[in-house]
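Hi everyone, thanks for coming along. Today I'd like to walk you through one protein model, piece by piece, so please have the picture in view.

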Amino acid sequence: MNKQQLAAKIWESANQMRSKIEANEYKDYILGFIFYKYLSDKEIQFAKKEGLTEEDIAQLSEEDSDSVDYFKENLGYFIAYNDLFSTWIKIGKDFDVSHVRDALSAFSRLISPDHKQLFDGVFDTLQTGLSKLGDSAASQTKAISQLIQLIKDIPMDGKQDYDVLGFVYEYLIGMFAANAGKKAGEFYTPHEVSLLMSEIVAHHLKNKKKIQIYDPTSGSGSLLINIGNSVAKHIDDENSIQYYAQELKKNTYNLTRMNLVMRGIIPNNIHTRNADTLEDDWPYFDENDPVGSYKLLHVDAVVSNPPYSQKWDSDNKDADPRYARFGLAPKTKADYVFLLHDLYHINSKGIMTIVLPHGVLFRGGEEGVIRKNLIEQNHIDAVIGLPANIFFGTGIPTVILVLKRNRVNTDILIVDASKGFIKVGKNNKLRASDIKKITDTVIKRETKPKYSNLVSRDDIRENEYNLNIPRYVDSSENAESWDIYASMFGGIPQKELCELDQYWQAFPALREALFSETSSEQAALKSDDVKNTITHHADVKEFTNTYLASFGDFDAFLKNELLAQAESVNISKQEAILSKELFVRLKSIALIDKYEAYQLLDDSWLNIAVDLEMIQTEGFAVCKQVDPCMVMKKKKGKEEEVQEGWIGHIMPFELVQKTYLNNELVELQQSENRLVAISAEYEEIIDSLSEEEKEADTIKDDAFVNAAVIKEAKQLRAEIKQKALFAEDAYETKILTVDKLIAEEKQLKKAVKIETDNLHLLTKETIENLSDKQVDELLECKWISPLVSDLNKLPEMIINELTSKVQSLAEKYATTYADVAEDIQNTEKSLSGLIDELDGNEFDMRGLGEFKSFLNDEL
């Protein structure tokens, strides 16, 4: 199973097993067991790496103090063999809920003192909640057995320890969040928002060797992890990143710790704390010597997505160094409290990003004072307006604020990214291209029409420190205008043609080829076939040819980057390399939206990266691997997993068939097409029967011909064979034709079943016997050809877009006001004449007469 299949299976099973437990609670159990499995498997891997055999591992116990100390020193914890997750699986029917209780209790005792902050109490939610899984020990044992059987399928070998489990973990959190409504906001920041913030921060930190990052409202820890991943693309040693996390709610705090550990971050780099950020600032000191060891926490980056507009206690906070320079936020809204806390903890070259409700940009009172001070002291670097409905459980507009401790420039970049998203269910979602566009705009500090504006501090002062985005960026669509002259006399206004100026600059002679100038203000369309004129114009052909030439060897570049280095390419950094090359090739090409091209690349990369990960973790031979296709089917009232054929581990059966088994595939498709044709012929004949014929027991259920009638028709045909033939549309002819179709269909269905099964097995055999050259050919067809094909369609999309705009302009003024007035007049005349033909009582006729008088007055 790849990551997506595994995640889907776990979610499906979770829904089946959840019973009376709420989704938000159930996650604590399933994720707790996943984390315990991770720690167990990590201990086994470490033991084997240290030279221990299976027999040695089986002897690991709490009584062996030397081993206990050694494992605690290196891992931060120790789990005895009897308490390992794998041991629970091995004992099978002898497993009991008491094994879990004993194991979790032992884990708490056997944590290294140096890692107590990281591991202590991490399983408290799971341990105290076991009783909710059933009314008795037996029912609890059954529920837990189902859970561990489900979780045991998660692969933990090699690199997959982090990637696959992290993927499943984030998938589950996201799914639970989507189903938990408002509750989700307590622990989950959508991956896309997290990634956007991470990319901005990572660029700022890209030249640093050692990095410290902090999230004071860490939730699931996704923000920290994504920043770590983004920063890791720019540095050689991932272990040079220190993670600091603080979270108020205990259950959510446990999620933070689990997630950080499961992503492979070494324990010494993880610093977590369960506390109230507003009431209790991060006290970076040794608990045994709080005064002598105190050290203020200043980090390279702070990221947060705090609770929005919550109440807070501002009493006695005037002297708090976090707020003293800027002012105290109102008691009813703590948004600026979190912001100032974050700003306080970044170092002199640090950066912070925070998600807050839109109101922080313009609300007055105490918040207005804080905002003014932040602007005058030159801390606000960028404001990014996000789409509405982007967070689970809330549809309010939100913004990302980017602040720095020290800045050279005094302007503020305002970005309105509220229009860039796709709809997914009830929520909006940032696409990869949206994230890339925002990130590039912020990094380059670019002003773009209807998207972003670099605003001077003087302009902001003139607006009384109001940062409301529409004051600086008008992203609304232009209202449609109508030219009075063209509406009356026809033609196309020159000013509306000038709105297509980007096309005329790219195709200098095309405007003259399409339009004739009737006056300085008006033009007329020359061509009757706009699409043909545009497509075959020399400028447009040159544009297409230039584009195709620029991408002429892009497939060769991709083959060298991906196929030739499949087993060694750095997956985390490769998409950036490909996108850079893509943008270089597009640099001199007009009209093509580079972010639209980037989205095509990213869509392909998502699938390519999954395949590359499997190749690198499982070996190149995985390309020739075929796995059982397991599906859930109901047997005797119970859902069971059964095999239904085979599936390529990497190579899709359909692709292999099209590439190497095309003759067999075409034969099968012809048979399938004939089955469809038989059904169509069958239905056509049945539809042609009269209602009397259908009701005469000739047709049963509109599909099956009565056998007795067929027999009678055949006998009748034999009797008159020498005299005459049935007419083509005769009732008997139709019945006999249907009989033949049914016989053919029955025989063909059997043949198709045999052909399908044979082709399926032949495909399996073909994949298992692929040569390395054939593997490369198939990977090229799977990874590269679709992407290149999609990219090559972009010029045609531009041509179609321009054609549509020109045709719309022509149609807009094709009918003049005089034409409309004439049509109205003719209709009124016709209606007046029809009134003369109507009859009715006295009052009807008086009303019709008045209506006719009105029409005549109009005429």
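I'll go through helices, backbone angles, salt bridges and surface patches in turn.

Before that, a word on where the values come from: this is a predicted model, so local features need pLDDT of at least 70 and side-chain atom pairs count only at pLDDT 80 or more, while totals for chains, interfaces and linings use all residues. Residues are numbered from 1 along each chain as its sequence is written, and side-chain values use heavy atoms, with hydrogens and water left out.

Let's begin with helices. When I say helix or strand, I mean a DSSP run, numbered from the N terminus: H or I with at least four residues for a helix, E with at least two for a strand. Please find helix α28, residues 662-688. How far does α28 reach from its first C-alpha to its last? The answer is 38 Å for its 27 residues, close to the 39 Å expected at 1.5 Å a residue. That expected span is 1.5 Å times one less than the number of residues.

Another helix to try this on is α16, residues 432-444. Its 13 residues should span 18 Å, and the end C-alpha atoms are indeed 18 Å apart, so the two values agree.

Now, which parts of these helices are covered? I'll call a residue buried under 20% relative accessible area, exposed over 50%, and partly exposed in between, using a 1.4 Å probe and protein chains only. In α28 the buried residues include Leu665, Leu668, Leu675 and Tyr682. In α16 they include Ala432, Ile435, Ile438 and Val442, and also Asp434 and Asp440.

Next, backbone angles. Most residues other than glycine have a negative phi. Here are some with a positive one. Right after α16 comes arginine 445, with phi near 50 degrees. Asparagine 389 has phi near 55 degrees, and you'll find asparagine 389 in the loop between β6 (380-385) and β7 (398-404). Tyrosine 465 has phi near 65 degrees, and its place is the loop between α17 (457-462) and α18 (484-489). Are these two loop residues buried or exposed? Asparagine 389 counts as partly exposed, at 28% relative accessibility, whereas tyrosine 465 is buried at 13%.

On to salt bridges. The rule is a side-chain nitrogen of Lys or Arg within 4 Å of a carboxyl oxygen of Asp or Glu. How many does that give? The count comes to 38 salt bridges.

One of them joins glutamate 192 and lysine 429, whose closest N and O atoms are 3.7 Å apart. This pair links distant parts of the chain: glutamate 192 is in helix α11 (residues 191-205) and lysine 429 is in strand β10 (residues 427-429), 237 residues apart. Glutamate 192 is buried, at 17%, while lysine 429 is partly exposed, at 33%.

Now look at glutamate 581 and arginine 585, a salt bridge with the closest N and O atoms 2.7 Å apart. They sit 4 residues apart in helix α25 (residues 571-586), so about one helical turn separates them. Glutamate 581 is partly exposed at 22%, and arginine 585 is buried at 10%.

There is also a network of salt bridges, linking Asp381, Lys404, Arg407, Asp411 and Arg445. You've already met arginine 445: it follows α16 and has the positive phi.

Let's finish on the surface. Patches are made of residues with over 30% relative accessible area and no salt bridge; like charges are joined within 9 Å, and nonpolar side chains (Val, Leu, Ile, Met, Phe, Trp, Tyr) within 5 Å. Which residues make the nonpolar patch of about 610 Å²? They are Ile484, Tyr485, Met488, Phe489 and Tyr817. Helix α18 gives the most to this patch, with 4 residues. Tyrosine 485 is found in α18, and it is partly exposed at 45%.

A negative patch is formed by Asp66, Asp69, Glu73 and Asp114; Asp and Glu count as negative, Lys and Arg as positive, and His and the chain ends are not counted. Aspartate 114 lies in the loop between α6 (97-109) and α7 (116-119), and is exposed, with a relative accessible area of 70%.

Thanks for listening, everyone!

Terms used:
Areas by Shrake-Rupley, 256 points an atom, 1.4 Å probe, with all protein chains shown as cover. Charge placed at Lys NZ, Arg CZ, Asp CG, Glu CD.
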